[in-house]
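Thanks for coming. I will go through one strand and its neighbours, and then the cavities.

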Amino acid sequence: MSRVQVVKLVAGLLIALVMLMAWNTTRVFWQQTEVVHFDYIVGQRSIDDKDAKVETPAGSCPESGCEVPKKPHIVFVLADDYGYHDVGYHGSRIKTPNLDRLAAEGVKLERYYVQPMCSPSRTQLMSGRYQIHTGLVHNIIHPMQANALPLDSPTIGDLMKNAGYSTHYTGKWHLGFYKKAFLPTHRGFDSFLGFLTGSIDYYNHKNCNMQHKACGLDLYKDDELLQDKDGVYGPDMYTARALEVIRNHDPTKPLLLFVSHQLVHTPLQVPERYVKPYNYIKDKSRRLYAGMTACLDDHVGILEKALKEKGLWDNTVFIFSSDNGGEVNQGASNWPLRGSKGSHHEGGIRAIGFVTGPLVARKGTVNNQMIHISDWLPTLAHLAGITPNASLAAKLDGYNQWETISYGTSSPRTEFLINIDILMPLMGERLYPDLFDTRVRAGIRFGDYKLITGDIGKNNDYYMPAEMTNSGQQEVKLGNSKGRNYRLFNIIDDPLEQYDLADTHPQLVRFLLKRLDQWNNESVPVQNPTWEEQSRPGPQNGWVWRPWK
């Protein structure tokens, strides 16, 4: 054996040894914290998915081409603040038989991303555009702000209605309401039953902000206030409206039905019958949240049954998505991912998602391609036979993902912008004077890598759910942030974001900062108006939240 061959052999053995040591470090870390489901996160088979075909490599279309259903019915169920861990097929002890079955019969989206908070996800879902292109980059749309998804951004409802769809929306809106022009029935939906703000009491349907002493009723049917529903559990009302839409629908006309659930957002309220099976959970918030999750699962099953009874199911594409990571301080769990709602770590932006129904080509598969919530508008437009005009197409940040979802082809997406929030307080020192300012809170995913900058905020550790711990309470494993304002992770190799690679990949950091600079140069002015006194519920408007301009 020559000297060169010996050197190569030794080098290979050293590399293998380093990789083995890194794997052992990861394995020991998660054994110490009693992880039972890590294998699922990296795209392998779930312990609850014994019959699923795992689609890690990309698939392809048949020789005849990828078939596109002709104007199918589309039912989109959006859960609120639903934790990544908290579905049965992600290893949760909370029972979700309907979600598990529907997902197993369709395509599970295991590298599906959303925004870390409510309004940002919903605006991107509805418009197909990043926040930097709508001005809604900072926090959420607050009820006392004259703020909304701009009217120059057509919604999914607008497009589908123009294509001949019957369009209906029930549940949470949270896209702005300070003028009537921003209400659901003025943004492409034939009907609406639900609430306009970000959260309300499940029984009295009031949104109350104690900080600003603002409290009022928020429950609408189309543009009219509903004042006779006190004591009615909100999710029951929204599902009943969805069933009414389904049962009265003309099957010859395509249907778009958005069911934007109030569940499982705070306040933690649910009928006792759903909580009773989880009385063994000591932590009260987790116990109530578990009941709310079971209730959500029930409502999804009821919706599916109605579609089948009406004879619509065979021509329906059924989509389920959460809007952001779960709020770990309110009973939710994103375990074993790092972070919580509001975080740029995976626990804040990696979502539960699946697409199911007879029209999906590769049923019973797991899709590991990069898919983002902004992709839904162009994807649903494609299913409806809509080709966006040049003006709209130029504005879209989303991609048509139907072939990726249904046939397993490679995703057309190679990156997504998490956000650039110039209104957040700056943190630390700027890394490079000629590149994007690392003091600004921002994040980007490019290929396998993710860079996050600025102040990462709160709840960026690992939160084991109460029912998995010896103490019976949520336990926290601290994540390493090195106390600086930029962090680089390889999400494919390190989905739990344990290893910051910024020191060893400085050129990659520079490249991603340059990409953030390029995105930042496209940003429109930030829309974050001050809270307006005339918006406040009071005797002048009947103590309700309503348009005030």
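**Strand S11 and the cavities**

Six bridges join strand S5, residues 166–172, to S11, and the two run parallel. This is a predicted model, so please keep that in mind throughout. Within this pairing, threonine 170 has valine 259 of S11 as its bridge partner.

S11 also pairs with strand S2, which covers residues 73–79. Here there are five bridges, and again the strands run parallel. Valine 259 turns up in this pairing too, as the bridge partner of valine 77.

Now S11 itself, residues 255–260. Is this strand mostly covered or mostly open? It is mostly covered, with six of its six residues buried. Taking the faces in turn, one side carries Leu255, Leu257 and Val259, and these are buried. The other side carries Leu256, Phe258 and Ser260, and these are buried as well. Val259, the residue bridged to valine 77 and to threonine 170, therefore counts among those under 20% relative accessible area.

On to the cavities. How many are there of 30 Å³ or more? The count is four. The largest has a volume of about 50 Å³.

What lines the largest cavity? The lining includes Ser119, Pro120 and Thr123, then Leu136, and the run His138, Asn139, Ile140 and Ile141. Asn147 and Gln527 are also in the lining. By residue type, the lining divides into four nonpolar and six polar residues, with no charged ones. Pro120, Leu136, Ile140 and Ile141 are the nonpolar members.

That is what I have on S11 and the cavities.

Terms used:
Residues numbered from 1 in each chain as written. Predicted model: local features only at pLDDT ≥ 70, side-chain atom pairs only at ≥ 80, totals over all residues. Heavy atoms only, no water. 1 Å grid on protein atoms, 1.4 Å probe; cavity = no way out; pocket = protein on both sides within 12 Å on 5 of 7 lines; lining within 4 Å. Points joined across faces, edges and corners; volume = space filled by probe spheres on them. Buried < 20%, exposed > 50% of the residue type's maximum accessible area, 1.4 Å probe, protein only. Helix = DSSP H or I, 4+ residues; strand = E, 2+ residues; numbered from the N terminus. Pairing = 2+ DSSP bridges.
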